[in-house]
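Notebook open, coffee poured. I'm going through this one from the outside in and jotting down what I looked up.

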Amino acid sequence: MLDRTMARWLDHIKKWVIEAVFVLRTVLFRTDVRRWQRVAKGGAPSWDERNKQIAELIPANSSVLDLGAGPQTLRGYLSPGCTYQPCDVVKSSDDVLLCDFNGGIYPQVERPFDFVVCSGVLEYIRDLSTFLDATIALGDCTILTYTPVQNGDTLWMRAAEGWVNHLKQEQLEELLDKLGVQWDIIGGWHHQVMYKLCRCEGDVHSSVAKLEGSMRA
């Protein structure tokens, strides 16, 4: 019995130490490049289902800029005729446009893309207004995901994930309104909300109620 109790305590201590290391890295590094190097080389990530879902929203023959492309698995899920441009802080292939959003380094493009994908990136951005303003300018439409603060979340829990900003859903949507972008909620993945942002006319703001039935537990 004592051995089992000790083992549980050791597991708790190990978990706390690992979380503390991630929190420390979140505080110390503006961009945790080593983490993204591991992701880029690690094959299909645990969140790859999200890429499949996003690809289904992009029509054939579209030009796509993938911000924070990582291992670039989105490329393989896009419809025929799509052109794919990866952008990342890690140059995992020769065609990657290098960026460091927290360092103020954004990709230089010759023309706007049809779609800019910003999937699982926003949580790691320190200056959200600047990032969103710059991202919107890169394409006609942007598909954006975000994990808003949930009831019971703590800053420690979010920092342990490497996340550096902590907005409730309504706070993010207020920010989008201030930027003057037209947005709509188009789905969700786990606790993440998926938005479509457009510079073009025709899209209207949606309420949270539009997401009912589309969020995945």
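**Ground rules.** Accessible areas here come from the Shrake-Rupley method with a 1.4 Å probe, and for residues only the protein chains shown count as cover. I'm working on a predicted model, where local features need pLDDT of at least 70, side-chain atom pairs count only at pLDDT 80 or more, and totals for chains, interfaces and linings use all residues. Residues are numbered from 1 along each chain as its sequence is written, and side-chain values use heavy atoms, with hydrogens and water left out.

**Surface and core.** I looked up the exposed area: the protein shows about 12,000 Å², and carbon and sulfur atoms supply 55% of that. Then I checked burial (buried is under 20% relative accessible area, exposed over 50%, partly exposed in between, with a 1.4 Å probe and protein chains only). Of the 217 residues, 45% are buried.

**Fold inventory.** I counted elements as DSSP runs numbered from the N terminus: helices are H or I with at least four residues, strands are E with at least two. That gives 7 helices and 7 strands. Read from the N terminus, the order is α-α-α-β-α-β-β-β-α-β-α-α-β-β. Next came contacts, meaning heavy atoms within 4.5 Å. Among contacts with a separation of 6 or more, 56% join residues 24 or more positions apart.

**Cysteines.** How many disulfides are there? I used the rule of a pair of cysteine sulfur atoms within 2.5 Å, and the count is 0. I also looked at two cysteines for burial: Cys118 is buried at 0% relative accessible area, and Cys198 is buried at 2%.

**Pocket.** Rolling a probe the size of a water molecule over the atoms shows where empty space is left. For a pocket, I take a 1 Å grid over the protein atoms alone and look for an open set of points where a 1.4 Å probe fits, with protein on both sides within 12 Å along at least five of seven lines; lining residues have an atom within 4 Å of a point. Points are joined across faces, edges and corners, and the volume is the space filled by probe spheres set on them. The largest pocket holds about 1,100 Å³. Its lining has 50 residues, and Arg35, Trp36, Gly120, Tyr124 and Trp163 lie nearest the centre. Helices H1 (2-28), H2 (33-41), H3 (48-55) and H6 (155-160) are the elements that give two or more residues to this lining. H2 has the largest share, with 4 residues.

For the chemistry of the lining I sorted residues into nonpolar (Ala, Val, Leu, Ile, Met, Phe, Trp, Tyr, Cys and Pro), charged (Asp, Glu, Lys and Arg) and polar (the others, Gly among them). The lining of the largest pocket splits into 20 nonpolar, 17 polar and 13 charged.

I also pulled up Arg38, which sits in H2 and is partly exposed at 47% relative accessibility. Its C-alpha is 9.0 Å from that of Gly70, although the two are 32 residues apart in sequence.

**H3.** Why do I call H3 largely enclosed by the rest of the structure? Because 6 of its 8 residues are buried. Those are Asp48, Arg50, Asn51, Gln53, Ile54 and Ala55. They pack against helix H4 (74-77) and strands S4 (113-118), S5 (139-146), S6 (182-189) and S7 (192-198).

I zoomed in on Ala55 of H3, which is buried at 2%. Leaving aside neighbours within four places in sequence, Ala55 is in contact with Leu74, Tyr77 and Leu78. The C-alpha atoms of Ala55 and Arg75 are 8.5 Å apart, across 20 residues of chain.

**Leu122.** Is this loop residue buried or exposed? Leu122 is buried, at 0%, and lies in the loop between S4 and helix H5 (128-136). Beyond four places in sequence, Leu122 touches Leu128, Phe131, Leu132, Leu144, Thr145, Tyr146, Asn165 and Leu172. From Leu122 to Trp163, 41 residues along, the C-alpha separation is 8.6 Å.

**Odd backbone angles.** I noted two non-glycine residues with positive phi. Asn61 has about 65°; it is in the loop between H3 and strand S1 (63-67) and is exposed at 59%. His190 has about 55°; it lies between S6 and S7 and is partly exposed at 40%.
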